[in-house]
Amino acid sequence: MVRLSPAILLACAYTQADAKKQSADVIVVGAGYSGIAAARELHRSGLSTIVLEGRNYVGGRTATKEFHGINFDYGGAYMQGGTDNPLQALSSDYGFTPAKIDWVTAAWDFDFNQFPSSGSESYDNVAYKPYNTAYGNARRQLGRSLYEAFEEGKNWDGVDKKRFNSTLAYDVESGYGGPAYSMDSSSYREYYCGFRWRYDTYYPEGGFGHMVETIAAQEALDIQLNTAVTEVADNGDSVTVTTENGDVYTASNVVVTATLGNLKAGDILFTPQLNNDKKIAIDRIEMATCNKVFMAFDEENFAGSPWAQQGLEYFNNESPFDEAPFYFYNRQIHPFSGGSPIIESWWCSNLEMEYNNGVSLQRHLDVLRNIYPELSDPIDVDYTDWNQNRFSRGSYSYPGVGSPITDYDNLAKPQGNIHFAGEHTTRSFSSVNGAWLSGLDAADEILRGRTTTPRPGSWKSAEDGLQEEGGRGKPPVHRPRGL
Ligand SMILES: Cc1cc2nc3c(=O)[nH]c(=O)nc-3n(C[C@H](O)[C@H](O)[C@H](O)COP(=O)(O)OP(=O)(O)OC[C@H]3O[C@@H](n4cnc5c(N)ncnc54)[C@H](O)[C@@H]3O)c2cc1C
């Protein structure tokens, strides 16, 4: 297993303050996967490139951090798409071997009775079968929410709506990170990170966050941390980039990878202002609200839990979106965790944003104690704050009601000497693979004047998909998504 110290990598690689340069061929705003991909290609092609990053680390929405002595990915963690995911080859190139996940799972019902793992009373049969029928009948159309598309399908005979809502929460809302009534039904597809569910899930051994730090260090990129950009101005033959502390940088081109949340909040002032197509897209695409909670427990107490006794890698309980946490990983099983008694919760919810950490923890413990009443208080807890953090303002994007998939293409297009990359600029949105490819594409625009619309990725156009499928979505295949 690769375990690299980010501190060592940072110390040896990035520009020291006294050597700070303020002009280059290209300035890249943001050192997440998209920014590092762009900078790597530009730098390799001989263009001088400076990356300005507001945070004090490289990786953005991927961050491998230590919790209770173990490395965890606090943001992006998994590679979907099996060997089709371009990150598989990338991770091998940098020594982060892709490791496949073998899921051992179980589900509990609304009354916290465990579903049998097979037979007519299993979760798949009781919850998924009726859900899949409704899904197949859904009337999907631009401007109609996914929830309304189900309602329009009007095939509710024998379908328990409460159970349906909870299966929807589990199957779609927890992955997309928003309620189904806020998602556009035509742009939503049964894809995840641009790949169909049927693919296997892998993770880069050593962590996504450590991987991007390693790429930046090995490629000797010029990255200036703690440097928040406030203004980007295209002067026709050059660009100026101004930072929070008043420094002004000049370049021929700039690649902006600040998040959709940042664009929505107007964190960067663009001159000239962003064109109308971009403004509309920024408004229509939604930013999801997903966070992780890590809880370490007493080993002996943990050993008596059903998840430990049954060797479950992850488990869920029935609960409609926004009501309670329902998606848990037993990290004692996960190869990263080295056997530590840790539960990681994945919770996407509008309400989650309103909770302080104490309330969030109590809600998690309430659910877990319904499954295992003897559960002790955790001995260590940590929380992510992707929604509150000013450099992300959310977890990732999804198409809001009325947002055609071409909104993503509009965010990808360059405007003069200002280029754009990031997960919100590709049809493989919400993914690390999408972010990486978008950065390569932005570099290509600058190096060869080539633009690819839609941005490369494994996601076919939603319109193509709908035509292919006779105007309807195919029922999803129930798989843990491994976010
Ligand atoms: C909890 C969570 C779980 C996820 N799970 C998965 C998963 O399992 N698999 C998967 O493929 N994807 C997953 N994703 C999505 C994936 O992590 C993101 O799509 C991807 O990392 C985005 O990369 P990016 O380069 O577009 O953006 P970012 O990584 O956000 O990079 C943008 C950078 O710009 C910086 N920045 C912002 N504003 C400024 C400014 N004004 N000045 C300077 N710098 C600025 C930010 O600090 C950041 O470093 C997950 C995301 C989250 C939050």
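In which loop is Pro272 found? In this predicted model, Pro272 occupies the loop between strand S15 (269-271) and helix H9 (276-284). The legends below treat this site and several others.

**Figure 1. The cis peptide bond between Thr271 and Pro272.** The bond that joins Thr271 and Pro272 is cis, with omega about -10 degrees. Most residues other than glycine have a negative phi, and most peptide bonds are trans. Pro272 belongs to the loop that links S15 and H9.

**Figure 2. Overview of the predicted chain.** The chain has 483 residues, of which 49% are buried. Its secondary structure consists of 15 helices and 23 strands. Among contacts with a separation of 6 or more, 74% are between residues 24 or more positions apart. The mean pLDDT is 86, and 86% of the residues reach 70 or more. Over residues 1-13 the pLDDT is below 50, and this stretch has 22 contacts in the model beyond near neighbours in sequence. Over residues 458-483 the pLDDT is likewise below 50, with 56 contacts in the model beyond near neighbours in sequence.

**Figure 3. The shell of residues around the ligand.** Of the 43 residues around the ligand, Gly30, Gly32, Gly60, Gly76 and Phe391 come nearest. The shell comprises 18 nonpolar, 19 polar and six charged residues. At least two residues of the shell are supplied by each of helix H2 (33-44), strand S17 (290-296) and helix H14 (432-448). Two of these elements appear again below: H2 in the next view, and S17 in the view after it.

**Figure 4. The parallel sheet of five strands.** This open sheet has the strand order S10-S2-S1-S14-S23, and its pairing is parallel. S10 and strand S23 (418-420) are the edge strands, each paired on one side only. On average, neighbouring strands of the sheet are turned by 20 degrees against each other, direction ignored. Strand S1 (residues 26-29) pairs with strand S14 (residues 253-256) in the parallel sense over four bridges. Within this pair, Val26 stands opposite Asn253 in S14. H2 packs on the sheet and touches S1, strand S2 (49-52) and S14; the direction of H2 makes about 165 degrees with that of S2.

**Figure 5. The mixed sheet of six strands.** The six strands form an open sheet in the order S6-S18-S19-S20-S17-S21, with mixed pairing. Strand S6 (105-108) and strand S21 (380-383) are the edge strands, and each pairs on one side only. From one strand to the next, the twist averages 20 degrees. Strands of a sheet pair through backbone hydrogen bonds, either parallel or antiparallel. S17 and S21 run antiparallel and are joined by four bridges. Phe294 has Asp382 as its bridge partner in S21. S17 also supplies at least two residues of the shell around the ligand.

**Figure 6. Helix H7 and the loop that contains Ala220.** Ten of the eleven residues of H7 are buried, so the helix is largely enclosed by the rest of the structure. The buried residues include Phe208, His210, Met211, Glu213 and Ile215. H7 is followed by Ala220, whose phi is positive, near 50 degrees. Ala220 lies in the loop between helix H7 (208-218) and strand S10 (222-224). Ala220 is exposed, because 12 other C-beta atoms lie within 10 Å and a residue counts as exposed at 12 or fewer. S10, at the other end of this loop, is an edge strand of the parallel sheet.

**Figure 7. Arg393, a second site of positive phi.** The phi of Arg393 is near 55 degrees, a positive value in a residue other than glycine. Arg393 lies in the loop between S21 and strand S22 (397-399). Arg393 is partly exposed, with 19 other C-beta atoms within 10 Å. S21, which precedes this loop, is an edge strand of the mixed sheet.

**Figure 8. The surroundings of Glu244.** Glu244 is found in the loop between strand S12 (239-243) and strand S13 (248-251). Glu244 is exposed, with 12 other C-beta atoms within 10 Å. Residues up to four places away in sequence not being counted, Glu244 touches Ala228 and Thr230. The C-alpha atoms of Glu244 and Asn226 are separated by 9.7 Å, and the two residues are 18 residues apart along the chain.

Technical notes: Residues are numbered from 1 along each chain as its sequence is written. This is a predicted model: local features need pLDDT of at least 70, side-chain atom pairs count only at pLDDT 80 or more; totals for chains, interfaces and linings use all residues. A residue is near a molecule or strand if its C-beta atom, placed from the backbone, lies within 6 Å of it. Ala, Val, Leu, Ile, Met, Phe, Trp, Tyr, Cys and Pro count as nonpolar, Asp, Glu, Lys and Arg as charged, and the others, Gly among them, as polar. Two strands pair if DSSP finds at least two bridges between them. Axes are lines fitted to C-alpha atoms, for helices over the stretch in contact, and angles run from 0 to 180 degrees between N-to-C directions. A residue is buried if 20 or more other C-beta atoms lie within 10 Å of its own, exposed if 12 or fewer, and partly exposed in between; C-beta atoms are placed from the backbone. Two residues are in contact if their C-beta atoms, placed from the backbone, lie within 7 Å. pLDDT is the predictor's confidence in each residue, from 0 to 100.
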